[in-house]
Amino acid sequence: MPVTVRIPTVLRRLTGGQDEVAATGATVADVLAHVGREHAGFLERITTEDGGLRPFLNVFVNGDDIRFADDLRTPVRDGDEISIVPSIAGGR
């Protein structure tokens, strides 16, 4: 069973409108790279040139923020769920 990656609305044009995609890998980075191989432009939109996550982008594995684990090196298992959540800024 692969990992489920939840895609935010702003990135769904890169996944053919899909709100979830299945991917495999041992870490968050591996899974996101798999999605990037399947969906052109995806990885470039969520990672920086040095391979880190873009600012104002949050990633969770089973509801846990990867910043408090091993960041992109956070391990994943079959059946896990990765959620990509853009930060929302604004207000007065």
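Visitor: Before we look at arginine 6 and glutamate 81, what counts as a salt bridge?

Guide: A salt bridge is a side-chain nitrogen of Lys or Arg within 4 Å of a carboxyl oxygen of Asp or Glu. The general idea is that side chains of opposite charge can pair when their charged atoms come close. This is a predicted model, and in it the side chains of arginine 6 and glutamate 81 form such a bridge, at 3.0 Å from N to O. That pair links distant parts of the chain, with arginine 6 in strand β1 and glutamate 81 in strand β5, 75 residues apart.

Visitor: Which residues are linked with Arg6 in a network of salt bridges?

Guide: Glu20 and Glu81. For glutamate 20 and arginine 6, the closest N and O atoms are 3.1 Å apart. Glutamate 20 sits in strand β2 and arginine 6 in strand β1, so this pair ties together parts 14 residues apart in sequence.

Visitor: Is arginine 6 buried or exposed?

Guide: Partly exposed, at a relative accessible area of 35%. Glutamate 20 is partly exposed too, at 31%, and so is glutamate 81, at 28%.

Visitor: How many salt bridges does the structure hold?

Guide: There are 3. One of them joins arginine 67 and aspartate 65, at 2.5 Å from N to O. Here arginine 67 is exposed at 51% relative accessibility, whereas aspartate 65 is buried at 11%.

Visitor: And the fold around these pairs: what order do the elements run in?

Guide: From the N terminus on, read β-β-α-α-β-β-β, that is, 2 helices and 5 strands.

How values were computed. Residues are numbered from 1 along each chain as its sequence is written. This is a predicted model: local features need pLDDT of at least 70, side-chain atom pairs count only at pLDDT 80 or more; totals for chains, interfaces and linings use all residues. Side-chain values use heavy atoms; hydrogens and water are left out. Helices (H or I, at least four residues) and strands (E, at least two) are DSSP runs, numbered from the N terminus. Buried means under 20% relative accessible area, exposed over 50%, partly exposed in between (1.4 Å probe, protein chains only).
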